[in-house]
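Let's take a walk through the empty spaces of a protein and then stop at its metal site. Have the model open and follow along.

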Amino acid sequence: MDFDTLHALGKTELHCHLDGSLSLSCIRQLAKMINRPLPASDDALRQLVQAPTNSENLADYLKTFDFVAPLLQTKKALQMAAFDVVAQAAAENVRYIEIRFAPAFSISGDLSLSEATEAVIEGLHQAVNQFDIVAKALVCGMRQLPNVDNQTMFRANAALVGNGLVGGDFAGNEADFPTSVCTPAIKTAQALGVPLTFHAGECHCPQNIAEAIFLGVPRIGHATACFDQPDLIQKIVQTHTTIELCLTSNLQTKAARSLDEFPYRALKAAGAAITINTDNRTVSNTTLTHEYELYQTYFKTTAADFLTFNLNAINAAFISEPAKQTLRDRLHQDYAAYL
Ligand SMILES: O=c1[nH]cnc2c1ncn2[C@H]1C[C@H](O)[C@@H](CO)O1
Ligand SMILES: [Zn+2]
């Protein structure tokens, strides 16, 4: 399929970070609100907000996020940011998106941990009213923060689950803070009834994936390190764990040092529930359409495959069954002409 067809196809995205996906124009508006000077040219701004092509590892990639954090400290800023990312997704015919962010990174001003989330939800609502898309929020615990901080964040946000917020995640520095370190906060989120996805396997550490599955986490972000672990892949299949693949991001962070280390082929061959995601539209300089194009080029992914991956995403989405069925029906219609 050519790029225009991929662009026009209905798509779903489970793994998209708010702070990593702001458009340059939104970044400019947010910077203006706090009188922060930015380079005049978009090329120069891009250099500041995209991960360097020669990132050495995940920690290196994550440094780029420091740039936008000061821009996301008010209700208005978070609303605008959420609106902006949904607008970008809707423009490429994403019909369902879960957008994640870390409330702990938006409380340097007056906002509380739950007010930050309410602001994001408000921005999602505004966009959903304007565009043909369903958009929900996820809150990220950050691995490098103390468990008590992540527990406080989940407690503060648990009451919002089901009301625009649909679940939680853990992101951040995986190499130094493996799954075992975050386990107390994972258990707290689970006890609070927060549906969880979890970043794991981005630093050549299959154990982090296995431990998250053992803890009963139903979705794993990345899972890159399973590519050469047949037993772990079997575990993923048996437990019906959904995998949120992020190809461009993995190549940048060196989670996959080459396409051979990307787990798509192995997971697909085993029948695992895989989904395609951007991770960070701006930091990784990608779109969901671009990701689809890469899968076609590198892996000969077909329209039938894309439909399956979208249905996998809907099955694993943290929304009600009737809402899922509406989205499934729409996807079947969208793909019918290409099967
Ligand atoms: O790919 C990632 N792995 C781990 N953490 C990540 C990734 N992309 C973004 N993050 C972090 C940086 C953001 O500030 C945070 C919340 O979106 O999540
Ligand atoms: Zn991510």
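How many cavities of 30 Å³ or more does a search of the whole structure find? The search turns up two. Keep in mind as we go that this is a predicted model.

Start with the largest cavity, which has a volume of about 80 Å³. Its walls are made by Leu18, Asp19, Ala69, Leu72, Gln73, Leu78, Phe101, Ala102, Phe105 and Ser106. Sort that lining by class and you get seven nonpolar, two polar and one charged residues.

Now move on to the second largest cavity, with about 50 Å³ of space. Here 13 residues form the lining, and the ones nearest the centre are Asp19, Gly20, Val49, Val68 and Val283. The class breakdown is eight nonpolar, four polar and one charged residues. You've met Asp19 before: it is on the list for the largest cavity, and it turns up again in the lining of the second largest one.

Next, the open space. The largest pocket holds about 370 Å³. It has 25 lining residues, and those closest to the pocket centre are Leu62, Phe65, Phe105, Met142 and Gly172. Phe105 should ring a bell, since it also lines the largest cavity.

Which elements build this pocket? Helix 4 (58-62), strand 2 (94-101) and strand 3 (134-142) each put at least two residues into the lining. Helix 4 gives the largest share, with four residues. As for chemistry, the pocket lining mixes 12 nonpolar, seven polar and six charged residues.

Last stop: the zinc ion (ligand 2). What holds it on the protein side? The donors are His15, His17 and His199, each through NE2, plus Asp279 through OD, and they sit 2.0 to 2.2 Å from the metal. Two of these donors, His15 and His17, are buried. Along the chain, the donor residues follow the spacing H-x1-H-x181-H-x79-D, with His15 and His17 as the opening pair of that pattern.

So why is the arrangement around the zinc ion (ligand 2) irregular? Look at the angles: the four donor atoms subtend 83 to 165 degrees, and that spread makes the geometry irregular. To count as tetrahedral, four donors would need all their angles between 85 and 135 degrees, and the range here runs past both ends because it goes from 83 to 165 degrees.

Key:
Residues numbered from 1 in each chain as written. Chains lettered and ligands numbered in written order. Predicted model: local features only at pLDDT ≥ 70, side-chain atom pairs only at ≥ 80, totals over all residues. Heavy atoms only, no water. 1 Å grid on protein atoms, 1.4 Å probe; cavity = no way out; pocket = protein on both sides within 12 Å on 5 of 7 lines; lining within 4 Å. Points joined across faces, edges and corners; volume = space filled by probe spheres on them. Nonpolar A, V, L, I, M, F, W, Y, C, P; charged D, E, K, R; others polar. Donors = N, O, S within 2.8 Å, 3.2 Å for Na, K, Ca; no water. Tetrahedral: all angles 85-135°; square planar, octahedral: opposite > 155°, others 65-115°. Buried < 20%, exposed > 50% of the residue type's maximum accessible area, 1.4 Å probe, protein only.
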